[in-house]
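Colleague: I have a new model open and I'd like to learn how to read it. Could you walk me through it?

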Amino acid sequence: MTRSVYVTGIDRSDGRQVVELGVMELLTRQVDRVGVFRPLVHDGPDRMFELLRSRYRLTQDPATVYGMDYEEASSLQAERGTDELVSVLVDRFHRVARDYDVVLVLGTDFAATQLPDELALNARLANEFGASVIPVVGGRKQTAASVLAETRNAFRAYAGLGCDVLAMVANRVDRKDRDEIAERLADRLPVPCYVLPDEPALSAPTVSQIAHALGAKVLLGDDAGMSRDALDFVFGGAMLPNFLAALTPGCLVVTPGDRADLVVGSLAAHSAGTPPIAGVLLTINEVPSEEILTLAARLAPGTPVLSVPGTSFPTAEQLFSLEGRMTAATPRKAETALGLFERYADTAGLASRVSAPSGDRVTPMMFEHKLLERARADKRRVVLPEGTEERVLHAAEVLLRRDVCDLTLLGPEDQIRKKAADLGIDLGESQLIDPATSELRDSFAEKYAALRAHKGVTVELAYDVVTDVNYFGTLMVQEGLADGMVSGSVHSTAATIRPAFEIIKTKPDTSIVSSVFFMCLADKVLVYGDCAVNPDPDAEQLADIAVQSAATAAQFGVEPRIAMLSYSTGTSGSGADVEKVRTATELARSRRPDLKIEGPIQYDAAVDASVAATKLPGSEVAGQASVLIFPDLNTGNNTYKAVQRSANAIAVGPVLQGLRKPVNDLSRGALVQDIVNTVAITAIQAQQPTASERSPEQ
């Protein structure tokens, strides 16, 4: 076990930021307090630390992150020797380590550092810090044999200097060689070796980075457009038909500013999604007329159009020398990097080797990490009916880059592609279906008519109903074409869940559909039910909600200790409302005698140990409840919103429970991260066997 992880290398340009980000993600899944230490730093902003601080909401004082700059280190080593240099850095490291559960150490970068034997210095620092080492070997433009040799030699070098090597990483290897390298290294090294292929999107500069590097003037473009990756450069000079044929997805078009035909043509191609481009860069200090720019803005809203004074040749030289960097301002690159690391590294195995100390504390970030990890472990397909909604598309991009699940988006395909192109979003191999033109429409109409024949629904009427994206998506889930559905960012709760009531229906052992919110507080996760569906459940229904909520809590790693809430605790009060809760408590206990259930109980006695000691001493639930069941929707909905706003809690949900297959609703104010979390929850719910799939013993 280790309390610190030291990510290092053997040379520059190894792309180790992918590994640093991946290890940080892994550490923050296990503990709340993760520190960062970089022994030596160059002048200027530290892009990696700023990314880590922004993404993981680090509160660490930046002044404590760095040991010293390279110039100071070189002078100190020259004047007083390596021992003195190491001694100072060790002292500064421990000032950080004493305040954190685990520390991620970012090794030196081998870039013009003027330090002799930099590898040995990293090894010694790791040993003195008591840190385990993950060496990264860069494999770009190298043969498989060269990568194999360098990786083995790097292991011998660090192990020979006494380091505890957690794992080796060969990064940026040619995709065609990746599997061969991984297979051969597995037999030749005594530690795990993860082989990551080269990912063009990580090294591609964003349009914003290009504009900054070239000092370009931004004529058109919004923030989303400027954040697009320039995956290729296409230089304009040919006639329009030949030029359009040369365009590639994600390319930056570079053309003299007087070629209005190429500007309009490339933006029209982007608008049609054939192909979507990153933007247009105009040279020779020529700018199209105001009429052309107005047309360009209408053709492809948000798509950047830049202008530089130089000619195409020197501009090309500058462009080809640029390399994209992960920063706090490039969240898409971070998602791509994490997806790459999680796809090719055994994160579960690495986590067990790190074994950072952990306790009962569960932060919102840890809970969210766990959702994505569990969904990824057994990938399912989730259908998103609101395929043209901007927030849904951004969430889809995150889910795809992190390899969380497979997606189906509903809506007119040309509109989805155009919207995605305008946002600079790559939907990869996502399935796009327009219910109005889908070949499934006829069969879905027949199935829906059969299900609702008792309500007088004919096939002709059903033929129109199933074009509604929520009905179509629900039928996909019912027919096994998708494993779950998430909707509601622009639809009402009723519009989202009514099709599920009609088509999927409730589980055999469940009387009603209900919901829970996962309330992620600063140090724990509570489950609130029902805050979204049932206005005034009776005692039978309230007992059902309690049992369902306990099962949902357990499914997501929250040990269920159930508090049946009321304005009275124990036998201290009476009245119809209290009696309803008392009866529901007895019914829930009779149905699930294995569960820890207390009620009636007031909220303060349920969650505060000191209040519980006075009102219900000796209770297994009082003071430590994790599942809180509200007596009605009015109480539950207001309470969850009050806690969310007043305690700065993250409310994940509503998560529907009681359906045969998972369908979940979103708030119409849902943020992108809310949608990501809800889709992950839906995928996890879908990992459980359905009622028809369970064996009798289950």
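Modeller: Sure, we'll take the sheets and then the salt bridges. Keep in mind that this is a predicted model.

Colleague: Let's start with sheets. What holds strands together, in general?

Modeller: Strands of a sheet pair through backbone hydrogen bonds, and the pairing is either parallel or antiparallel. Here, one open sheet has seven strands, in the order β3-β2-β4-β1-β5-β6-β7, with parallel pairing.

Colleague: Which strands stand at the edges of that sheet?

Modeller: β3, residues 66-69, and β7 do. Each has a single partner strand, so one side of each is left without a neighbour in the sheet. As for the twist, it averages 20° from one strand to the next.

Colleague: Can we zoom in on one pair of strands?

Modeller: Try β6 and β7, which pair in the parallel sense over four bridges. If you want a spot to look at, find V169, which stands opposite Y194 in β7.

Colleague: Which strands does helix α4 touch?

Modeller: α4 packs on the sheet and touches β1 (4-9), β2 (34-41), β3 and β4 (102-106). The direction of α4 makes about 160° with that of β2. Helix α5 packs on the sheet too, touching β1, β2, β4 and β5 (132-138). For α5, the direction makes about 175° with that of β1.

Colleague: What is the strand order in the sheet of five strands?

Modeller: That open sheet runs β8-β12-β11-β10-β9, and its pairing is mixed. Its edge strands are β8 (217-220) and β9 (232-235), and each pairs on one side only. Direction ignored, neighbouring strands here are turned by 25° against each other on average.

Colleague: How many bridges join β10 and β11?

Modeller: Five, in the parallel sense, between β10 (residues 251-256) and β11 (residues 279-283). One place to look is P256, whose bridge partner in β11 is T283.

Colleague: And which helices should I look for around this sheet?

Modeller: Helix α12 (residues 260-272) lies across β10, β11 and β12 (305-307), running at about 170° to β11. Helix α14 (residues 312-321) lies across β9, β10 and β11, at about 175° to β9.

Colleague: Now for salt bridges. What's the general idea?

Modeller: Side chains of opposite charge can pair when their charged atoms come close. A search of this whole structure finds 46 salt bridges. Take D46 and R38, whose closest N and O atoms are 2.6 Å apart.

Colleague: Is R38 in that pair buried or exposed?

Modeller: Buried, because its relative accessibility is 11% and the cut-off for buried is under 20%. D46 is buried as well, with a relative accessible area of 9%.

Colleague: Which parts of the chain does the D83 and R124 salt bridge tie together?

Modeller: The side chains of D83 and R124 meet at 2.7 Å, N to O. D83 lies in helix α4 (residues 82-97) and R124 in helix α5 (residues 118-129), so the pair ties together parts that are 41 residues apart in sequence. R124 is partly exposed, with a relative accessible area of 30%.

Colleague: Where do R175 and E199 sit?

Modeller: They sit in loops: R175 between β6 (168-173) and α7 (178-188), E199 between β7 (193-197) and α8 (200-203). The two are 24 residues apart, and their salt bridge spans 3.1 Å, N to O. R175 counts as partly exposed, at 43% relative accessibility.

Colleague: Which residues do shared partners join into one network?

Modeller: E25, R29, R55, E335, E342, K370, E373, R376 and R402.

Note on methods
Residues numbered from 1 in each chain as written. Predicted model: local features only at pLDDT ≥ 70, side-chain atom pairs only at ≥ 80, totals over all residues. Heavy atoms only, no water. Salt bridge = Lys/Arg side-chain N within 4 Å of Asp/Glu carboxyl O. Buried < 20%, exposed > 50% of the residue type's maximum accessible area, 1.4 Å probe, protein only. Pairing = 2+ DSSP bridges. Axes fitted to C-alpha atoms, helices over the stretch in contact; angles between N-to-C directions. Contact = heavy atoms within 4.5 Å.
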